[in-house]
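Here are some short exercises to work through with the model open beside you. Try each task before reading its solution.

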Amino acid sequence: PGGPRGGGRGQEAPPLYDKTSEVKSLSAKKFPGADAKHTWLIKFYAPWCGHCQKLKSTWEKMPTAMKGVAKVGAVNCEEEGN
């Protein structure tokens, strides 16, 4: 319990997007619903995944590129409840 699930590599990996990132960290408890005021682009990722890590730099540019069009968020699928 509490360890990586799915394709995890056996160790805890830090989230790809922290509080300093413009990408909003989302979770099962904090997720835009059908009544959201904005359009969202949401990335579902596992922090240990090489493909997800490679996409990070591109995804970090999205909030600026999509300003006024859509909000940008990410869900760490390895966290409990996601």
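**Exercise 1. Find which residues Pro-15 touches, leaving out residues up to four places away in sequence.**

Step 1. Pro-15 touches Tyr-45, Pro-47, Asn-76 and Glu-79, where a contact means heavy atoms within 4.5 Å.

Step 2. Place Pro-15 in the chain: it lies in the segment before strand 1. Helices (H or I, at least four residues) and strands (E, at least two) are DSSP runs, numbered from the N terminus.

Step 3. Two of the residues touched by Pro-15, Tyr-45 and Asn-76, stand opposite each other, with Asn-76 in strand 3.

Step 4. Pro-15 counts as partly exposed, at 43% relative accessibility. On this scale buried means under 20% relative accessible area, exposed over 50%, and partly exposed in between (1.4 Å probe, protein chains only).

Step 5. From C-alpha to C-alpha, Pro-15 and Ser-25 are 9.1 Å apart in space, and they are 10 residues apart in sequence.

A note on the numbers before you go on. This is a predicted model, in which local features need pLDDT of at least 70 and side-chain atom pairs count only at pLDDT 80 or more, while totals for chains, interfaces and linings use all residues. Residues are numbered from 1 along each chain as its sequence is written, and side-chain values use heavy atoms, with hydrogens and water left out.

**Exercise 2. Work out the order of the strands in the sheet.**

Step 1. List the elements: the chain has one helix and three strands, and from the N terminus on they run β-β-α-β.

Step 2. Look for pairs; two strands pair if DSSP finds at least two bridges between them. Six bridges join strand 2 (residues 40-45) to strand 3 (residues 71-76), and these strands run parallel. Within this pair, Phe-44 stands opposite Val-75.

Step 3. Follow the chain from strand 2 through helix 1 (residues 50-65) to strand 3, and you trace a right-handed β-α-β crossover. Right-handed means that, with the strands pointing away from the viewer, the path from the first strand over the helix to the second runs clockwise.

Step 4. Strand 1 is joined to strand 3 by three bridges, again in parallel. One of the partners here is Gly-73, which bridges to Lys-24.

Step 5. Put the pairs together: the three strands form an open sheet with the order 1-3-2 and parallel pairing. Strand 1 (24-26) and strand 2 are the edge strands, each pairing on one side only.

**Exercise 3. Why is strand 3 largely enclosed by the rest of the structure?**

Step 1. Count its buried residues: they are five of the six in strand 3, so the strand is largely enclosed.

Step 2. Now look at the helix. Helix 1 lies across strand 2 and strand 3, and runs at about 160° to strand 2. Axes are lines fitted to C-alpha atoms, for helices over the stretch in contact, and angles run from 0 to 180 degrees between N-to-C directions.

**Exercise 4. Why is there no bond between the sulfurs of Cys-52 and Cys-49?**

Step 1. Start with the whole structure: a search finds zero disulfides, a disulfide being a pair of cysteine sulfur atoms within 2.5 Å.

Step 2. Check the distance. The sulfur of Cys-52 has its closest cysteine sulfur in Cys-49, and because they are 3.4 Å apart, they are too far for a bond.

Step 3. Check the surroundings of each cysteine: Cys-49 is buried at a relative accessible area of 16%, and Cys-52 is buried at 13%.
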